[in-house]
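Please prepare a short briefing on the structure shown below. It should go through selected strands and helices and the surroundings of the ligand.

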Amino acid sequence: MNKTIIVSNRLPLQVQVNESGKVTAKPSVGGLATGMKSVHRDSNGIWIGWSGVKDEDLTLEIETKVNQAIEKEQCIAVKLNENDLDNYYYGFSNRTLWPLFHYFLEYTEFDKGYWESYVEVNKKFAEVVIAQAEEGDTIWIHDYQLLLLPAMVKEKNPNVSIGFFLHIPFPSYEIFRTFPARKEILEGMLGADLLGFHTYDYERHFLSSVKRILSLEVNFNEISYGNRIIKVDSFPMGIDYDKFKNAALQHQKQTEVEKSEIQKRLDQHLKEEAGVKMILSIDRLDYTKGIPNRIRAFEFFLKKYPQFKEKIRLIMLAVPSRSEVPQYQLLKKETDELVGRVNGEFSTVSWTPIWYFYRTMPFENLIDLYTSSDVALITPVRDGMNLVAKEYIATRTKEDGVLVLSEMTGASKELDDALLINPYNFGEIANTIKQAVEMPKEEQKRRMKALQKRVSRYSVEKWAGEFINSLKNVKQNLADVIDAQAITSQKTNEFKNIMQSKESKVLFLDYDGTLVSFQKNPQDAIPDEELKQLIVQLTEQPYTDIVIISGRDKKTLNTWLGDLPVSLVSDHGVSYLPKGKEWKNLETLKTDWKENVIPVIEKFVDNTPGTILEEKKFSVAWHYRKADPELAQRRLVEIKTVLTSFISNTDLTLLEGNKVIELKSSKVSKGRASSLIYNEKKYDHVFALGDDWTDEFMFEDLPEKTISLKVGLNKTKAKYYVNSPKEVRSFLYNLVS
Ligand code: ADP
Ligand code: G6P
């Protein structure tokens, strides 16, 4: 039976070994682990990750115990040593990626050693994943610690379905571009077939970086990448709603003796004075969570509205996290000092304004806190999602309580019935706290009902289900779109036999995008020595003619390829240079229209930086490869509208190539030219290789027996496809070897 393999840095449980060698396990904290736990529980899959114990602490005996503990939970360990933890985990993951992706550029450290370790540890994960993955399995990789893993797995196992989900924000291009390893990171992520983000904003930032940094073609939310189409989408992660709701319902039925110590203290506090209210915040102690801002805003609230002194208490639960990273240590110090300052300033004999806990708590105590608090105050300065907000909602079974939520969280995009605040605006937070504690019950109910409707509908099960379904669809859709076939080794042999036979054959070879890769400047695509030799080898095959058929002009083709024993066709089929003879025109064409159209295109060049006008003898082209992709897309629509109206009632036609549009006579096409040449000798065999629209005319007009090959995965009339100019060259090598 096919299985789902979840992969993340941390497993859902953290194993610990005490000094006497006793092995214990406790649940991991953090949104990823708590959210995915229920998905894993309900599947027959496995979860691969780090156990929590470093190699140096593993004796044979301890390792056996650790493995037993995690295998009980259907988990498999990736072994990490102290160096890995220092450089990959505390280093690159948490001193580079985490701050950068949360817009803390000033905290971001780029260190070569961290990066190398990150690559190495991603490889360690890849080895374990590859060893576990079987035909038909689905691999679901999670989060920023493993951004290189999708490509590493895809390389070894191209047919396996890989999904990737990022649990933190993807920053805007302007931030991401500062990152030295930006290209490698994007290429690593693009190993996945489906990439998921919590919100549309993160998705859009990612696509913008892909377009600008990798210059890839993006169509809505699909990326064309070599032979693959990768889908990108947003899936806002939910929680195990029933688990929290049922726990809250159970909690209501507790008898006095069943209550926890914390609950008893909370009850006592509520009993002390009528009308006292409790405000709750829960987070990992992380600088992204806006903890100091929250304390300062609460201080400001007490100063601005002194009537709430002795009436309101802030309960702050901060879970220790990444305490070896200096910024977390500083944050701990700052938080302690701020709590001390506020408590020192405002406390009375019977009242301390902030109760501050710095520890993890068992699930039951979280429920105590959620159910006893009138307000949840969640103020991150940046947060991918924030599940605590959703957990608070799920536990409010009496439909009361108020959620105050930072608009910098992913969750705020869905939870607009919460009171949304800007975490940097203390005045606004103070006023919103007042609004929250004074909110009439009816309004609480109206808002809470709406919030519960959303959070209960889009639970973590639903989230995971939609992600996995979408991943299945990516594979299916790809199969539906592409009619052309990959070339099997059997076919290669067949073609090789044709090449070696005494029958006549002609090969029509497009140049740019087929024999050579695209360059940012069209004039840089000069043929290399390797290509020239390959072409010569092809011409040495018996009874074989080679025709290089290009949109380039005669001059360029002469300079670049004139010394080779081949025929040349220029300007998409206007002129023809039969091997060893003189250029002749295949068509007689007028060119007077050019002087009218050039000023129009020049205007677009002026207002679209990075675009180029190329004037050829019989055509004019506008190249936009180097332009900002989004601006170019907009201008393309405009220029097409202008040029289409210009060509009505003329015999001109507008062709769209790869990041270029070209205006030329409709009497000219590579289809007409190649057919004319074919008809001269009526060859026994025809090969046609090309990559864009202009080549489709060849595939269409040449005789049915043509062995046609398209570079790239797009809808095509060609019979076969390859992925890149590099593969075209190997295909041609195979024909002559
Ligand atoms: P992050 O993923 O950045 O830590 P989230 O709010 O998305 O933030 O997720 C935090 C998760 O950790 C929640 O599911 C919450 O219940 C859990 N959690 C928070 N504090 C504790 C704690 N003290 N003990 C146990 N689990 C906790
Ligand atoms: C966030 C991240 C997770 C991470 C968790 C806890 O939720 O998105 O990937 O596991 O924080 O952090 P830690 O560094 O302790 O694993």
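The points below are grouped by topic and describe a predicted model.

**The nine-stranded sheet**

- Nine strands form an open sheet with mixed pairing, in the order S5-S4-S1-S6-S7-S8-S11-S10-S9.
- The edges are taken by strand S5 (75-77) and strand S9 (217-219); each has a single partner strand, so one side of each lacks a neighbour in the sheet.
- On average, and with direction ignored, neighbouring strands of this sheet are turned by 20° against each other.
- At one of these edges, S9 pairs with strand S10 (residues 222-225) in the antiparallel sense, over three bridges.
- Within S10, Ser 224 is the residue opposite Glu 217.

**Helices on the sheet**

- Helix H8 (residues 200-214) packs on the sheet, where it touches strand S8 (194-197), S9, S10 and S11.
- The direction of H8 makes about 150° with that of S11.
- Helix H5 (residues 149-156) lies across four strands: S1 (4-10), S6 (138-142), S7 (161-165) and S11 (228-234).
- Relative to S7, helix H5 runs at about 180°.

**Strand S27 and its partners**

- Six of the six residues of strand S27 (residues 660-665) are buried, so the strand is largely enclosed by the rest of the structure.
- Strand S25 (residues 619-623) runs antiparallel to S27 and is joined to it by five bridges.
- His 623 has Val 660 in S27 as its bridge partner.
- Strand S26 (residues 652-657) is also antiparallel to S27, with six bridges joining the two.
- Opposite Leu 652 stands Ser 665 in S27.
- S26 and S27 form a hairpin with two residues between the strands, and Lys 659 takes a positive phi near 60° there.

**Surroundings of ligand 1**

- There are 17 residues around ligand 1, and those that come nearest are Gly 31, Thr 34, Arg 284, Lys 289 and Glu 391.
- Thr 34 has a polar side-chain atom 2.8 Å from an oxygen atom of the ligand.
- Two backbone contacts also involve oxygen atoms of ligand 1: a polar backbone atom of Leu 387 lies at 2.9 Å, and a backbone N or O atom of Val 388 lies at 3.3 Å.
- On its own, ligand 1 has 570 Å² of accessible area, of which the protein covers 90%.
- Helix H1 (31-41), strand S12 (277-284), strand S13 (312-319) and helix H14 (387-395) are the elements that give two or more residues to the shell around ligand 1.
- H14 gives the most to this shell, with three residues.

Technical notes. Residues are numbered from 1 along each chain as its sequence is written. Chains are lettered from A and ligands numbered from 1 in the order in which they are written. This is a predicted model: local features need pLDDT of at least 70, side-chain atom pairs count only at pLDDT 80 or more; totals for chains, interfaces and linings use all residues. Side-chain values use heavy atoms; hydrogens and water are left out. Two strands pair if DSSP finds at least two bridges between them. Axes are lines fitted to C-alpha atoms, for helices over the stretch in contact, and angles run from 0 to 180 degrees between N-to-C directions. Contact means heavy atoms within 4.5 Å. Buried means under 20% relative accessible area, exposed over 50%, partly exposed in between (1.4 Å probe, protein chains only). A residue is near a molecule or strand if one of its heavy atoms lies within 4 Å of it. A polar contact is a pair of N or O atoms within 3.5 Å; within protein, one must be able to donate a hydrogen and the other to accept it, and residues adjacent in sequence count only if both atoms are side-chain atoms. Accessible areas come from the Shrake-Rupley method with a 1.4 Å probe; for residues, only the protein chains shown count as cover.
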